[in-house]
Amino acid sequence: MQTLNQFYTHPLIGAADLEKIRAKHHRVKFKKGDVILEKGRQANAYYCMEKGLARAYVVSHSGQEITTGFILSGEIAIDVVSIFTRIPAAETIVCLSECLCYQINFEDFQELFHSIPGLSEWGRNWMSKALFAHRKRSISMITESALDRYLDLVKNYPEIIEKAPLKHIATYLGVTDSSLSRIRKEIARQ
């Protein structure tokens, strides 16, 4: 349960509140290849990733899977739009390795959110950070070269480089597999 303490660290969440939050989570284990959330299904829970690596992806108009994000240990696997607007998910979230998570369902989260004032502030803070990261990534896809985006990924998220298949990294960076291979060879020569 120490993992959940780290997820819900906030000055307005006290020990008693944290105990209530922990009580609403249960530990789940996914195997490599398991689908956490399937496109077209409404999200009814989110998952605090204790261990593992998952990816979120969409399918393009031509049928290609495009990675939209990776979920690492210490992060939350969630389709924010689906869970909070109660509509079908636009993305699929799948495990790239064995994943250990703490799951909380939507109804339990709503109950806690409305009864623990610090949790709403925690949620606002989490959403602000998630929005900032999303905007940063969107802008980098336009303003930075593929090489710079790859180097940023290597520097800030080495676990993705070590554990994710190159084809998923390539689509996340917005390049082909062969372009990513050229980028990696160029870096190796330097």
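**Pockets, sheets and two residues**

Student: How do the residues lining the second largest pocket divide into nonpolar, polar and charged?

Tutor: In this predicted model, that lining divides into 9 nonpolar, 3 polar and 1 charged residue, where Ala, Val, Leu, Ile, Met, Phe, Trp, Tyr, Cys and Pro are nonpolar, Asp, Glu, Lys and Arg charged, and the others, Gly among them, polar. A pocket is an open set of points on a 1 Å grid over the protein atoms alone, where a 1.4 Å probe fits, with protein on both sides within 12 Å along at least five of seven lines, and lining residues have an atom within 4 Å of a point.

Student: Which residues lie nearest its centre?

Tutor: Of the 13 residues in the lining of the second largest pocket, Phe 84, Phe 109, Trp 122, Gly 123 and Met 127 lie nearest the centre. Helix 5 supplies the largest share of this lining, with 6 residues, and helix 4 (106–115) also gives at least two; helices (H or I, at least four residues) and strands (E, at least two) are DSSP runs.

Student: How much space is in there, and what conventions should I keep in mind?

Tutor: The second largest pocket holds about 150 Å³, volume being the space filled by probe spheres set on the grid points, which are joined across faces, edges and corners. Residues are numbered from 1 along each chain as its sequence is written, and side-chain values use heavy atoms, with hydrogens and water left out. Local features need pLDDT of at least 70 and side-chain atom pairs count only at pLDDT 80 or more, whereas totals for chains, interfaces and linings use all residues.

Student: OK, and the largest pocket, how much space does that have?

Tutor: The largest pocket has about 1600 Å³ of space, and 47 residues line it, with Thr 68, Phe 70, Ala 130, Ala 133 and His 134 lying nearest its centre. Among the elements that give two or more residues to this lining are helix 1 (2–7), strand 5 (65–71), helix 6 (146–156) and helix 8 (166–173).

Student: Which element gives the largest share of that lining, and what's the class split?

Tutor: Helix 5 gives the largest share of the lining of the largest pocket, at 15 residues. By class, the lining of the largest pocket consists of 27 nonpolar, 11 polar and 9 charged residues.

Student: Switching to sheets: what's the strand order in the one that has strand 1?

Tutor: That sheet is open, and its 4 strands follow the order 1-8-3-6 with antiparallel pairing, two strands being paired if DSSP finds at least two bridges between them. Strand 1 (26–30) and strand 6 are at the edges with a single partner strand each, so one side of each has no neighbour in the sheet.

Student: How many bridges join strand 3 to strand 8?

Tutor: Strand 3 (residues 45–51) and strand 8 (residues 99–105) run antiparallel and are joined by 6 bridges; in this pairing Ala 45 stands opposite Asn 105 and Tyr 46 stands opposite Ile 104. Strand 3 also pairs with strand 6, again in the antiparallel sense, over 2 bridges, and here Cys 48 stands opposite Ile 76.

Student: Is strand 3 mostly covered or mostly open?

Tutor: Strand 3 is mostly covered, with 5 of its 7 residues buried, where buried means under 20% relative accessible area, exposed over 50%, and partly exposed in between (1.4 Å probe, protein chains only).

Student: And the order of the other sheet, with strand 2 in it?

Tutor: The order there is 2-7-4-5, an open sheet of 4 strands with antiparallel pairing. Strand 2 (35–37) and strand 5 are the edge strands, each pairing on one side only. Strand 4 (residues 54–59) runs antiparallel to strand 5, joined to it by 6 bridges, and Ala 56 stands opposite Gly 69 in strand 5. Helix 8 packs on this sheet, touching strand 4 and strand 5.

Student: Is His 168 buried or exposed?

Tutor: His 168, which lies in helix 8, has 10% relative accessibility and so counts as buried. Leaving aside neighbours within four places in sequence, His 168 is in contact (heavy atoms within 4.5 Å) with Arg 55, Glu 65, Thr 67, Phe 70 and Leu 96.

Student: Last one: what's the phi of Arg 86?

Tutor: Phi of Arg 86 is near 60 degrees, a positive value in a residue other than glycine. Arg 86 is in the loop between helix 3 and strand 7 (92–95), and at 27% relative accessibility Arg 86 counts as partly exposed.

Terms used: Axes are lines fitted to C-alpha atoms, for helices over the stretch in contact, and angles run from 0 to 180 degrees between N-to-C directions.
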